[in-house]
Amino acid sequence: MIWRLRFKFLANITFSPPKSRSFSALHHLASPLKLSTDSNPRFKSFSNQQQPSHNPQPIFLTHQIVLTTLQNCPSDLVALSFFLWCARQPHYFHDKPTFRHMVGVVSTLTQSYGTVKGIVHELEAVGCVTKAQTLLLLMRIYWCGTMYPMVIEAFHDMCFYGYTPNTYARNIVMDVRFKLGDANAALKILGETESPNFLSFNIAICNLCRLNDVDNIRGVLRSMLMKGYYMNLETYTLVFNCFCKFGRLEEALQLLGMMIVLGGHVSENVWGILIDGFCKSGQIEVAAYLREKMVEIGCSPNVVTCTPMIKGFMESRMPAKAFEILGALKSKGCFPDLVLCNVLIDCLSKMGWYDDAFEVFSSLRERRLMPDAYTYSSIVSTICLSGQYVLLPFLTSGFAVQPDLVVCNSLLNYYCKSGYPDFAVEFYDDMIDRGFQPDKYSYAGLLSALCKSGRRDEALNVYRGIIRICPGIDAHIHTIIINELTKSGGFDGARILLREAAAKKYSLDAVSYNVVIYGLVMGSKMNEAYTLFTQMKETNVAPDKQSYNWILSGFCKDRNFSMVKHVLPEVFDRNIEIDYHTYRLMKNLLCDSPETLQAFNHLFELRNSEQLFLVDGHDSGTDARNSSLTDYRDILHLGTASSDEFSDDAIVSVG
């Protein structure tokens with residue numbers, strides 16, 4: 001065949017880099033060539049192609065020559081044939097650009113011939129012998145082009161042609177199974193691989209981290225260690241991140257210990273991941289201990305490492321510790337970056353330190369930091385919390401922030417809370433005109449603005465439109481409309497809306513029910529409130545702390561001791577915290593109850609259960625656990641509680 005002659009000719013050619021990008025197509029090689037041996041002694045003329053040279057010269061292929069030749073091939077089948085021929089040459093391996101080019105070639109051939117077998121048959125027709133390498137290279141091309149079903153087909157065809165897939169082929173198909181989401185099949189392939197190598201385990205662990213499959217990571221890691229392989233730093237970092245993200249902190253510490261024992265370098269990134277994991281789990285003391293150990297081994301914490309600790313101490317109401325770490329950073333010449341400034345603004349505003357939050361924001365210019373959308377959203381939130389709405393234009397003047405949906409939603413919230421609901425509606429329309437796709441927070445801002453501006457009918461129409469477009473929308477939207485209708489005087493409408501949502505099995509949460517339960521309790525309609533409370537449980541919406549406290553408070557107001565006694569066991573079983581106002585109401589009810597001894601038993605059971613917490617400086621349980629029944633008069637004598645305990649602020653805040 002002419003192709004056999006072609007490749008005999010190629011086998012005796014020494015390739016040199018071309019002088020230009022214009023490279024002759026392969027079919028020119030089939031025509032008679034005249035090569036001057038005088039001009040280049042490395043080239044051998046071939047007077048008789050049937051008699052190969054006794055002293056063939058080595059072939060010098062370069063990636064550029066091969067790629068250029070492939071790009072100039074007259075057909076895709078010719079290109080694939082040449083690609084396979086080059087791969088068989090000693091000491092030559094195709095590079096990534098060549099594989100990426102072949103993705104398009106093989107994709108076209110697959111469309112033409114349908115199957116891997118069809119392509120192999122056509123290759124055989126032009127003189128290419130089918131080998132295991134042929135199918136392996138096809139697998140690699142399909143793998144590079146993310147044509148995963150074809151990778152699996154090529155793998156099965158390898159077995160069909162009588163070849164046993166090697167570890168490399170099995171690694172490829174294992175990765176493909178992971179990419180297709182079939183972790184069980186991928187792990188089965190790993191288990192059936194006779195001689196797994198480092199890449200086998202590394203591919204499995206990296207994919208399991210991507211799939212957040214923490215349990216299987218442990219098993220693969222154990223097998224990897226038993227085979228004598230150890231993870232590299234990048235894989236260690238992935239596993240640390242996965243363990244910490246899912247709160248598997250003890251296992252993360254074990255992994256850290258193993259890494260240190262094996263002599264591995266623990267990078268600042270790994271320390272940062274561990275510290276961040278313990279901070280997010282609320283174990284700020286452990287995070288501080290890790291920071292100390294980090295310093296002991298000579299690894300200096302940077303701003304990225306310390307940011308979660310500062311955030312953790314601020315959220316734990318320990319600002320002195322946070323400022324101590326901040327001072328230590330500054331003493332080493334490490335100054336806050338934009339992320340840390342954003343954290344400080346957010347945490348300070350949540351602590352009520354609004355002036356300090358404004359000061360941090362104002363210092364951005366001095367630090368030459370350009371605020372991002374998160375910074376802008378944080379400062380808008382701070383302004384809303386502080387009620388200093390007039391500060392927004394002054395603080396944000398001079399900053400060019402590219403608004404995103406989060407910023408727009410923050411501004412919607414700002415306009416609603418600052419008393420400009422009509423402007424909020426106009427701003428929402430402008431958002432839509434500018435091409436923003438609203439999310440649940442955008443809808444929440446719009447519904448809130450319409451209700452605040454007295455346009456309840458429009459709000460209901462918009463709500464029903466949202467439900468039609470997004471029937472499975474988050475419970476937050478249902479809660480917003482119910483809450484805003486209640487606050488704007490449309491309580492009956494809110495009750496009807498809740499019943500409709502429950503009947504149609506929309507997504508509702510405890511807050512949605514709590515809004516209506518609160519309204520019924522305040523209206524002394526305890527029968528309806530308790531019916532709704534029961535219905536809430538029947539629809540698999542678990543009542544929360546607020547639900548139980550309002551129900552108990554309502555029955556205490558009605559002097560209904562039997563119902564209080566009926567609800568309390570459920571409170572104990574679910575370990576629900578009783579707030580201070582409810583506790584006061586219960587004590588006054590129990591003091592007046594004819595079943596005094598039983599009342600005292602219930603009260604002290606409640607005190608000893610540690611289900612009370614400190615509110616407004618009142619100790620709700622510590623002293624009681626150390627007291628006896630003889631001093632019950634002093635414990636119970638706290639004055640009379642009434643419906644005045646309920647303030648207007650008790651309305652659920654969902655905006």
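Here are some worked exercises on the model above.

The model is predicted: local features need pLDDT of at least 70, side-chain atom pairs count only at pLDDT 80 or more, and totals for chains, interfaces and linings use all residues. Residues are numbered from 1 along each chain as its sequence is written, and side-chain values use heavy atoms, with hydrogens and water left out.

**Exercise 1. The whole chain**

Find how many helices and strands the protein chain has, and what share of its residues is buried.

Solution.
- Start with the secondary structure, taken as DSSP runs numbered from the N terminus (helices are H or I, at least four residues; strands are E, at least two). The protein chain has 36 helices and 0 strands.
- Next, turn to burial (buried means under 20% relative accessible area, exposed over 50%, partly exposed in between, with a 1.4 Å probe and protein chains only). Of the 655 residues, 48% are buried.
- Finally, look at contacts (heavy atoms within 4.5 Å). Among those with a separation of 6 or more, 66% join residues 24 or more positions apart.

**Exercise 2. Helix 11**

Check whether the span of helix 11 agrees or disagrees with its number of residues, then work out which helices its buried residues pack against.

Solution.
- The expected span of a helix is 1.5 Å times one less than its number of residues. Helix 11 (residues 198-210) has 13 residues and should therefore span 18 Å; its end C-alpha atoms are 18 Å apart, so the two agree.
- Now list the buried residues of helix 11: Ser-200, Phe-201, Asn-202, Ile-203, Ala-204, Ile-205, Asn-207, Leu-208 and Cys-209.
- The buried residues of helix 11 pack against helix 9 (167-179), helix 10 (183-192), helix 12 (214-226) and helix 13 (233-245).
- Then visit both ends. At the start of helix 11, a side-chain oxygen of Asn-197 comes within 3.2 Å of the backbone nitrogen of Leu-199. Just after the helix, Asn-212 has a positive phi of about 60°.

**Exercise 3. Ser-81**

Decide whether Ser-81 is buried or exposed, and find what its side chain reaches.

Solution.
- Ser-81 sits in helix 4 (residues 76-87).
- Ser-81 counts as buried because its relative accessibility is 1%.
- Its side chain reaches the backbone oxygen of Leu-77 at 2.8 Å.

**Exercise 4. Three loop residues**

For Gly-162, Arg-317 and Asn-540, find the loop in which each lies.

Solution.
- Gly-162 is in the loop between helix 8 (148-160) and helix 9. It is exposed because its relative accessible area is 60%. Gly-162 and Ala-132 are 30 residues apart in sequence, with their C-alpha atoms 8.8 Å apart in space.
- Arg-317 lies between helix 17 (303-315) and helix 18 (319-331). Its phi is positive, near 60°, in a residue other than glycine. With a relative accessible area of 54%, Arg-317 is exposed.
- Asn-540 belongs to the loop between helix 30 (526-538) and helix 31 (545-557). This residue, also other than glycine, has a positive phi near 65°. Asn-540 is exposed, at a relative accessible area of 73%.

Methods
A polar contact is a pair of N or O atoms within 3.5 Å; within protein, one must be able to donate a hydrogen and the other to accept it, and residues adjacent in sequence count only if both atoms are side-chain atoms.
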